[in-house]
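The following exercises concern a predicted model. Each task is followed by a solution in steps.

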Amino acid sequence: MPERFPVSLQQKIEDRLRYYEDLGIRLFYTDRASSGASFTSSETIAPTPSPTAVFEETVLPKSTPKPAPVLPPVKVPPAAAHPPLVMPPSGPSLFEAVDKVKDDSLLKIREDLGECTRCKLHKGRNKIVFGDGNPKAQLVFVGEGPGADEDMQGLPFVGRAGKLLTQMIEAMGLQRKDVYICNVVKCRPPENRAPEPDEVSSCSPYLMRQIDSIHPKVIVCLGATAAKTILNTTRGISQFRGEWLDWRGHKLMATYHPAYLLRNPPAKADVWKDLQKVMAELGLQLPKKSKS
């Protein structure tokens, strides 16, 4: 009767055999164990059971031998030989995560908003600034939030920046009644600061519903807050300003906020170039170039 190994050695051998089993090379180490005499003689000797072989049969469960692993080729095959890798989609954006409301309308959205107290901005507001303009507009302007004048009147873009926006709209050959104007948040942030993330998340679903209800051909984001909110991005507006972007089937253009233009008048030329792209998309007559 073969001498039994110490318990500690048996455990080490079992662990090693399981390791070989996991690697898929069971046949390799079984052949080596069953024909150990062939390493000392070149003659063909019939395999005979050895103590090691008997030991293996008693401690390892019988299983179907696993095929040897197939190593990947060293050279990368041509791209045409394999279909392109499809990356998993990223998480839904802030707006795509909200289901569309069937038969929605601006009136229903305003009723659902009510005298909103969903975030802390309601504590300092005078009036909710919901939006203003044509409910069937082909062009929607989205700003950041109401200022002092807007908070008093309950209408978007009626202060100094609003007057500049009106001039921009008229330069396009339109009037305010032809477009729709709204903001990311409906209540004025204190001291005209940028809306905070919790305020945006509470209010922006109503903005999404406004856009879905109007279903415009073009959306113009005025400033970084509007662009980052709708596009769900942290990129600076200068990285994509003036470029056409697709958002849920709508053409989207991000440009500078009129308040920024009041502080930086030279940037008006860039915004005018952006608005001319919008005009071309809407089929509006572009201004004639000066011959001089």
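**Exercise 1. Covering of a helix**

Determine which residues of helix H10 are buried, and which elements cover them.

Solution.

1. Helix H10 runs over residues 268-282, 15 residues in total. From its first C-alpha to its last it reaches 21 Å, close to the 21 Å expected at 1.5 Å a residue.
2. The buried residues of H10 are Val271, Asp274, Leu275, Val278 and Met279.
3. Viewed down the axis of H10, these buried residues fall within an arc of 150°, so they line one face of the helix.
4. The cover over the buried residues of H10 includes four strands' worth of entries to locate in the viewer: S2 (139-143), S4 (218-222), S5 (244-247) and S6 (250-255). It also includes the helices H6 (160-171) and H9 (258-263).
5. After H10 comes Gly283, whose phi is positive, near 75°.

**Exercise 2. A salt bridge between two helices**

Locate the salt-bridge partner of Arg209 and classify both residues as buried, partly exposed or exposed.

Solution.

1. The structure holds 10 salt bridges. In one of them, Arg209 pairs with Asp112, and the closest N and O atoms are 2.9 Å apart.
2. Arg209 belongs to helix H7 (residues 197-214) and Asp112 to helix H4 (residues 106-113). The pair links distant parts of the chain, the two residues being 97 residues apart.
3. Buried means under 20% relative accessible area. Arg209 has a relative accessibility of 11% and therefore counts as buried.
4. Asp112 has a relative accessibility of 34%, so it counts as partly exposed.

**Exercise 3. A network of charged side chains**

Identify the residues that are linked with Lys120 in a network of salt bridges, and describe two pairs.

Solution.

1. The network links Lys120, Arg193, Glu196, Asp198 and Glu199.
2. Lys120 and Asp198 meet in a salt bridge with an N to O distance of 3.0 Å. Lys120 lies in the loop between H4 and strand S1 (132-133), whereas Asp198 lies in helix H7, 78 residues apart.
3. Lys120 is partly exposed, at a relative accessible area of 35%. Asp198 is also partly exposed, at 37%.
4. The side chains of Arg193 and Glu196 form a salt bridge at 3.9 Å, N to O. The cut-off for a salt bridge is 4 Å, so this pair is counted.
5. Arg193 is partly exposed at 26% relative accessibility, and Glu196 is partly exposed at 31%.

**Exercise 4. Pocket and cavity**

State the volumes of the largest pocket and the largest cavity, and name the residues closest to each centre.

Solution.

1. The largest pocket holds about 620 Å³ of space. Its lining has 26 residues, of which Gly145, Ala161, Asn192, His257 and Ala259 lie nearest its centre.
2. The elements that give two or more residues to this lining are helix H5 (148-153), H6, helix H8 (224-231) and H9. H9 gives the most, with 4 residues.
3. The structure holds 1 cavity of 30 Å³ or more. About 90 Å³ of space lies in the largest cavity.
4. The largest cavity is lined by 14 residues, and the closest to its centre are Cys116, Cys119, Lys186, Cys187 and Cys203.

Terms used: Residues are numbered from 1 along each chain as its sequence is written. This is a predicted model: local features need pLDDT of at least 70, side-chain atom pairs count only at pLDDT 80 or more; totals for chains, interfaces and linings use all residues. Side-chain values use heavy atoms; hydrogens and water are left out. The expected span of a helix is 1.5 Å times one less than its number of residues. Buried means under 20% relative accessible area, exposed over 50%, partly exposed in between (1.4 Å probe, protein chains only). The arc is that of the directions from the helix axis to the C-beta atoms. Contact means heavy atoms within 4.5 Å. On a 1 Å grid over the protein atoms alone, a cavity is a set of points where a 1.4 Å probe fits but cannot get out, and a pocket is an open set with protein on both sides within 12 Å along at least five of seven lines; lining residues have an atom within 4 Å of a point. Grid points are joined across faces, edges and corners, and a volume is the space filled by probe spheres set on the points.
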